[in-house]
Amino acid sequence: MVTRLIVVWLLAFGLFLGPVLAGVHPASSVQLADVSAAIDLASDGDTVTIPAGTSTDWTTELEITKAIHLQGAGIDQTIIDDEVSTSSEAAIFWNMSGGKTFTMSGITFRAVANPTNTNKGVVLYEGDGVIVMGDCEFEDTLQNQSIQIQNTSLAKGVIYNTIYR
């Protein structure tokens, strides 16, 4: 009887209190430095929120190695202009290992620096994790310029309710 109660208590703690313990780290703006600072504070399982606005300084690639949820304020509200001019770098580079899950939602990405470069994605993913992306938009992108998955045969996931223009 005591063993059953302990098991029930552990399940309840894990199922109901576990999600409550995940952290939320709001970026103070949609600018690269502020989003990067919020991600630095986050741990696997946390959410980083990005407020409404349009980035004006996203000129270098942001590499993310944590299993976090990157959550914008919504399509056409949180807008990241990919101003990275290097043809091999993306605005966001998810570099996952160990089967971790990354999620992203509520963000519009626009290809600004290289609108005709078909050799890079605005969002680049590499690794053996799980991709869950929804309620996003990619504007002014050509061919494989939206989300690009490379150098992996083990990635799994779903992209849903995402607009490509």
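This passage describes the confidence of a predicted model and the sheet found in it.

A good place to begin is with how far the model can be trusted. Across the protein, the pLDDT averages 80, and 75% of the residues reach a score of at least 70. The stretch of residues 4-19 has a pLDDT below 50, and in the model it makes four contacts beyond near neighbours in sequence. Predicted coordinates should not be read in detail where pLDDT is low.

With that in mind, the sheet can be explored strand by strand. It is an open sheet of five strands, arranged in the order 3-6-9-12-15, with parallel pairing. The edges are taken by strand 3 (53-54) and strand 15 (163-164); each of these has a single partner strand, so one of its sides is left without a neighbour in the sheet.

Strand 9, which covers residues 108-111, is a helpful one to follow, with strand 12 on one side and strand 6 on the other. Strand 9 runs parallel to strand 12 (residues 137-139), and three bridges join the two. Within this pairing, Thr 108 is placed opposite Glu 137, while Arg 110 has Glu 139 as its bridge partner.

Turning to strand 6 (residues 78-82), four bridges link this strand to strand 9, again in a parallel arrangement. Here Asp 81 stands opposite Arg 110. Arg 110 is therefore a handy residue to look for in the structure: it faces Asp 81 in strand 6 and is bridged to Glu 139 in strand 12.

Methods:
Residues numbered from 1 in each chain as written. Predicted model: local features only at pLDDT ≥ 70, side-chain atom pairs only at ≥ 80, totals over all residues. Heavy atoms only, no water. Pairing = 2+ DSSP bridges. pLDDT = per-residue confidence, 0-100. Contact = heavy atoms within 4.5 Å.
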